[in-house]
Amino acid sequence: MSRTRNAAVLLAAVALLALVGCSGEPKQSADNPGGAIIRTPAGDPSGLRGATLDRPYSLPAKSLTDTSGNEFNLVTSTKKPVTLVFFGYTNCPDVCPTVMADVASALTKLDESVRSQVQLLFITTDPSRDTGPVIRKYLDRFDPSFVGLTGSLDSIKEIAKAVGVPVEGMKKLPSGGYEVGHGAQVLGFGKNDKAGVLWLSNAAIGDLAHDFGKLVEDNR
């Protein structure tokens, strides 16, 4: 591996500790929930292109509320072999819509037989503004199959911490509004409800498509 490639891998690992305020400015956090070890995918026998985890995160069996107002358990309500999880909010001006658009685009590159085996969960980090209808309208812009979830901020923070995603909560802006700092990684869970791979917000669409297909193949 080249020195440049090594540096890029290290930078990617450090980026996991940053909070994205959705204002374009990353904020460092001392909290690293879960403490998973990131290793380079180069030469990785898994064949995945995202950041692989030596200590996979387990999806907690916690319940939130979907956009129709129904209870949704993160373990028992996820019926597909591959579950993608992203924490964000609908008023995020840049990172969240970019990630959602990239995931949606990557899924369109897969055959329907493969794409139908992948489920994305969008968990809001701004439940005070993100009601069910608001989340549903937002996700429909990208892919109507995306599942939107909300709940109390305390519950959402607990779930996020369990899977290594920092959630800062509200920060007032000079304009009078607020932003919500949160990790911008997408986690990939298999049928065992464990995530051994994640993708940062700058992951290439081709790499996402490759890995989504590989996860489906590995979890049949």
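**Exercise 1. Which residues of β7 point one way, and which point the other way?**

Keep in mind that you're looking at a predicted model. Start by locating β7, which spans residues 82–88. Now sort its side chains: V82, L84, F86 and G88 go one way, while T83, V85 and F87 go the other. That fits the general pattern, because side chains in a regular strand alternate between the two faces of the sheet. Next, check the cover on each side: both sets are buried. The tally for the strand is therefore seven buried residues out of seven, with buried meaning under 20% relative accessible area.

**Exercise 2. Find the strands that pair with β7, and give the sense of each pairing.**

Take β8 to begin with, at residues 118–124. It runs parallel to β7, and seven bridges link the two. To pin down the register, look at G88: its bridge partner in β8 is T124.

Then turn to β12, residues 186–189. Here the pairing with β7 is antiparallel, with three bridges. For a register mark, use V85, whose partner in β12 is L187.

**Exercise 3. Work out which side of α5 is buried, and what the buried residues pack against.**

Step one: run through α5, residues 153–162, and pick out its buried residues, I156, I159 and A160. Step two: look at how they sit around the axis. They cover an arc of only 100°, so they lie on the same side of α5. Step three: flip to the face turned away from that buried side, and you'll meet the exposed residues D154 and K161. Step four: list the packing partners of the buried residues, which are β5 (63–66), β7, β8, β9 (147–150) and β10 (167–172). Notice that β7 turns up again, here as a partner of the helix. Finally, step past the helix to G164, which has a positive phi, near 75°.

**Exercise 4. Explain why C96 and C92 don't form a bond.**

Go to the sulfur of C96 and look for the closest cysteine sulfur, which belongs to C92. The gap is 3.0 Å, and a disulfide needs the sulfurs within 2.5 Å, so this pair is too far apart for a bond. As for surroundings, C96 is buried, at 0% relative accessibility. Across the structure, the disulfide count is zero.

**Exercise 5. How many helices and strands does the protein have, and what share of its residues is buried?**

Count the elements: six helices and 13 strands. Then go to burial, where 48% of the 220 residues qualify. To round things off, take the contacts with a separation of 6 or more: 67% of them come from residues 24 or more positions apart.

Methods:
Residues are numbered from 1 along each chain as its sequence is written. This is a predicted model: local features need pLDDT of at least 70, side-chain atom pairs count only at pLDDT 80 or more; totals for chains, interfaces and linings use all residues. Side-chain values use heavy atoms; hydrogens and water are left out. Helices (H or I, at least four residues) and strands (E, at least two) are DSSP runs, numbered from the N terminus. Buried means under 20% relative accessible area, exposed over 50%, partly exposed in between (1.4 Å probe, protein chains only). Contact means heavy atoms within 4.5 Å. Two strands pair if DSSP finds at least two bridges between them. The arc is that of the directions from the helix axis to the C-beta atoms.
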